[in-house]
Amino acid sequence: MNYALLGKRIRDERLLLRWTLEMLAERTDKSINFIGQIERGEGKPSLETLVDIANALGATVDSLLQDNIEASADGIQKEIGVLVGSLDDNGKQFILDMVKRYHHYHHTQ
């Protein structure tokens, strides 16, 4: 388990919501210090804590752990293609906007 990648994913999700550490700590009933340790990869959250964090962020545990799961990039791209292909034009535009925002955020730091 790469806790640094897990912490980065949690931090990224928190920042996308424009939340402070304090806000996430409050919503999970954890200390600010502990949430900070998790985000820096220094803390090892229990499964219960990970579920609490995912629920607070409106994410899934598997999405937070995705950097730790070996998956075929081809399989992921294929799944994305199928899902996006099934959307109407408004849905496709929404996904495109989200991907552009994500790309901008992660490539300008």
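This is a short talk on one protein chain and how its helices, core and salt bridges fit together.

Okay, hi everyone. One thing up front: what you're looking at is a predicted model, so please hear everything I say with that in mind.

Let's start with the overall picture. The protein chain has 109 residues, and buried residues make up 25% of them. There are seven helices and zero strands, so if you read the elements from the N terminus on, you just get α-α-α-α-α-α-α. Along its principal axes, the C-alpha trace spans about 45 × 30 × 25 Å. For those of you who like contact maps: take the contacts with a separation of 6 or more, and 55% of those are between residues 24 or more positions apart. On the surface side, the chain exposes about 7,700 Å², with carbon and sulfur atoms supplying 54% of that.

Now, the inside. Which elements give two or more residues to the largest nonpolar core? That core has 14 residues, and the ones with the most contacts inside it are L6, I10, L24, L50, I53, L57 and L64. The elements giving two or more residues to it are α1, running 3-16, α2 at 21-28, α3 at 32-39 and α4 at 47-57. Of these, α4 gives the most, with four residues.

If you want one residue to click on, try L6. Leaving out residues up to four places away in sequence, L6 touches P45, L50, L64, L65 and N68. Two of the names there, L50 and L64, are also on the list of residues with the most contacts inside the core.

Let's stay with α2 for a moment. Its buried residues are L24, A25 and T28. They sit on the same side of α2, because they cover an arc of only 100° around the axis. And what covers them? That includes α1, α3 and α4. Then, just after α2, D29 takes a positive phi of about 60°, if you want to look at the backbone there.

Right, charges. As a general point, side chains of opposite charge can pair when their charged atoms come close. The structure holds five salt bridges, and I'll walk you through some of them.

Begin with K8 and D12, whose side chains meet at 2.9 Å, N to O. These two are four residues apart in helix α1, so they're separated by about one helical turn. How exposed are the partners? K8 is partly exposed, with a relative accessible area of 41%, whereas D12 is buried, at 7%. D12 has other company too: not counting residues up to four places away in sequence, D12 touches Y105 and H106. That brings in α7, since the helix covers residues 89-107.

The next pair is R9 and D67, again a salt bridge at 2.9 Å, N to O. What does this one tie together? R9 lies in helix α1, and D67 is in the loop between α5 (61-64) and α6 (73-85), so the pair ties together parts that are 58 residues apart in sequence. In terms of accessibility, R9 is buried, with a relative accessible area of 12%, while D67 counts as partly exposed at 35%.

Then there's E42 with R40, meeting in a salt bridge at 3.2 Å, N to O. Are these two buried or exposed? E42 is exposed, with a relative accessible area of 55%, and R40 counts as partly exposed at 48%.

Last stop, the outside of the model. There's a nonpolar surface patch of about 410 Å², made by L87, F94, I95, M98 and V99. Take V99 as an example: V99 is found in helix α7, and at 49% relative accessibility V99 counts as partly exposed. The cut-off for exposed is over 50%, so 49% still falls in the partly exposed range.

So, to pull it together: seven helices and zero strands, a largest nonpolar core of 14 residues with α4 giving the most, five salt bridges, including the R9 and D67 pair that links α1 to the loop between α5 and α6, and a nonpolar patch on the surface that includes V99. That's it from me, happy to rotate the model around for anyone.

Key:
Residues are numbered from 1 along each chain as its sequence is written. This is a predicted model: local features need pLDDT of at least 70, side-chain atom pairs count only at pLDDT 80 or more; totals for chains, interfaces and linings use all residues. Side-chain values use heavy atoms; hydrogens and water are left out. A nonpolar core is a set of buried Ala, Val, Leu, Ile, Met, Phe, Trp, Tyr and Cys residues joined through side-chain atoms within 4.5 Å. Buried means under 20% relative accessible area, exposed over 50%, partly exposed in between (1.4 Å probe, protein chains only). Contact means heavy atoms within 4.5 Å. Patches are made of residues with over 30% relative accessible area and no salt bridge: like charges are joined within 9 Å, nonpolar side chains (Val, Leu, Ile, Met, Phe, Trp, Tyr) within 5 Å. Accessible areas come from the Shrake-Rupley method with a 1.4 Å probe; for residues, only the protein chains shown count as cover. A salt bridge is a side-chain nitrogen of Lys or Arg within 4 Å of a carboxyl oxygen of Asp or Glu. The arc is that of the directions from the helix axis to the C-beta atoms.
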